[in-house]
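Hi there,

Here is the structure I promised to pass on. My notes follow below it.

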Amino acid sequence: MSQPGLSNSTNPPIVPIASAGTNVSGDKPARVMTIQSWAKRVMNIVLIGETGVGKTAMLNLLANVCAGVPMEEFEEKNELNNEEGGSTAGSQTNKPRFYSITSANGHKVNILDTPGLADTRGIDKDKEHQAAIAEAIKTNFDVIDAVIILANGTLPRLGAATEYTLTTISGMFPNSIVDNIAFVLTMVSNPSSNNFTRTSLPKQLQNSRIWPVDNPFAQWLKYQKELLKDPPTSEDDLQEMLGSARRGYNKTLKMLSELFQYLDKCRVQPTHSIFDLYIMSTDIEVRISNVIAGMTQTEDKRMKLKKLQEDYQTLGHTMTREKYERIITSPVYEHEDTGSEHNTLCVAGNCYKNCHPGCSVGFTMDRETLARMCASFDETPGVALLKCRCKDCGHLAEDHQHYRSKWVKKVKTDKVIDQEVLLRYKAAKNESDRVTILMTESQKEIKQFEENIVGFEKELTDLCEKYNKLSLSGSFIGYISSAISLLTIRQVTLVKDGSDPEAIDRMAKRIERLEKKRKVLEEAEKQRGRKK
């Protein structure tokens, strides 16, 4: 069977897991349920967890137990492999994949296995995962029964990676789904090894159902490997391992019975709101970019006007109306929505290029993927992907991003100086009076620029408020703050490990970009607070 996959342009195939009935040759009787049966004919589950908590092992456990396979006949399902090579520090789960398990009771259990979040390859890769998860949920499910979150139950407290994962998850789902979210704590061999506390969860998830488990599938595989060792493992050790696996298996059957009874009672939730929230979050990113662009351009005009004034005062240069109007009428750039079409845009300071309108690469938030696949870039031997130059604007690949919008140039077309002011300007008796008139008008223009930014901030605030009301997290700022915390920890690790200076610099720039976004959001919140 070929390995399933998912791109942004194609739907993931449904991967059927081995049937619960007779084997291929038909010489075995049909299986019977080893856990308590349930009523729902179809269950749709989204499986989420941070990197390294054992999602593939959990899928194998579910595939075997649901099919009525006893522990002594557990088999590893190769079709469940959703892993890519590399360090376990990065996300091992490659792409969202959709599995369909036929249970011994004849019912279907459909599971969407998602990429691990808190990926050490960067915040861009996590955004890529988020986009893929939202798209895969929309593609595969009209409704979902539950979201099952896997977490390492042995950790003494909620680490930055886990906190980030939970914050991200909370931001992806609407608050209507809160009763459909449950946790399975992995690697918990006994009650004393369970260090996970409810208070470490986000407040909105503290009442969620939680089940600890020490996956007997992993224990059984380890026992089987020990049997084959040469020299052989001692009989006492083997018996201890087997006994531990059997005790874990019996406890797990009870746990899974409870879990499926919970799933049976969950009220199904429509999935359209999940994708709507994702689109809303990308709209917020665009509004943030608009505010930052507006601030940058306003400050640029302010500085030019100030220099014009200083040149007049210190150098005696003539401050003519033409020079003033040239500054005031210089174009401004804003994002304009392009619907479902996405484009490769430059986000470097003072560059507002639409480098690849209608980019044919599937929508991605991962800049390395963009650098590798977008026609705006050519790979250069010996040059890191993010350091490749754009053929259109000349800036680095790391300064480019996909948006469902484009930069548009807006030029001030109305009269820069109204008729009354123009008459006063022409009637002025000397240069000093004319300068005074222009300086007064320039202050008015700067004030207008700043009012435009306030308008952008209001749009941003209104959208964030709508997002906060709908999302389980209740805060877009919280997601950004959590991401900053995670990246800051990784930055410290990079420095401590003596990593490549370029990698450290890239991490610093990511943090700087996020801090700028957070500042914009916080200022917009302040503006809203002042008006209440």
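**Salt bridges and a small sheet**

Glu226 has a relative accessibility of 14%, so this residue counts as buried (buried is under 20% relative accessible area, exposed over 50%, partly exposed in between, with a 1.4 Å probe and protein chains only). Its salt-bridge partner is Lys229, at 3.1 Å from N to O; Lys229 is partly exposed at 44%. A salt bridge here is a side-chain nitrogen of Lys or Arg within 4 Å of a carboxyl oxygen of Asp or Glu.

Before going on: this is a predicted model, where local features need pLDDT of at least 70 and side-chain atom pairs count only at pLDDT 80 or more, while totals for chains, interfaces and linings use all residues. Residues are numbered from 1 along each chain as its sequence is written, and side-chain values use heavy atoms, leaving out hydrogens and water.

The structure holds 10 salt bridges. In one of them, the closest N and O atoms of Asp113 and Lys55 are 3.6 Å apart. Asp113 lies in strand β4 (108-113) and Lys55 in helix α1 (55-66), so the pair ties together parts 58 residues apart in sequence. Helices (H or I, at least four residues) and strands (E, at least two) are DSSP runs, numbered from the N terminus. Both Asp113 and Lys55 are buried.

Lys387 and Glu398 are also both buried, and they belong to a salt-bridge network with Asp505 and Lys509.

As for the sheet, three strands form an open, antiparallel arrangement in the order β12-β11-β13; pairing requires at least two DSSP bridges. β12 (354-356) and β13 (400-403) are at the edges, each with a single partner strand, so one side of each has no neighbour in the sheet.

Best wishes
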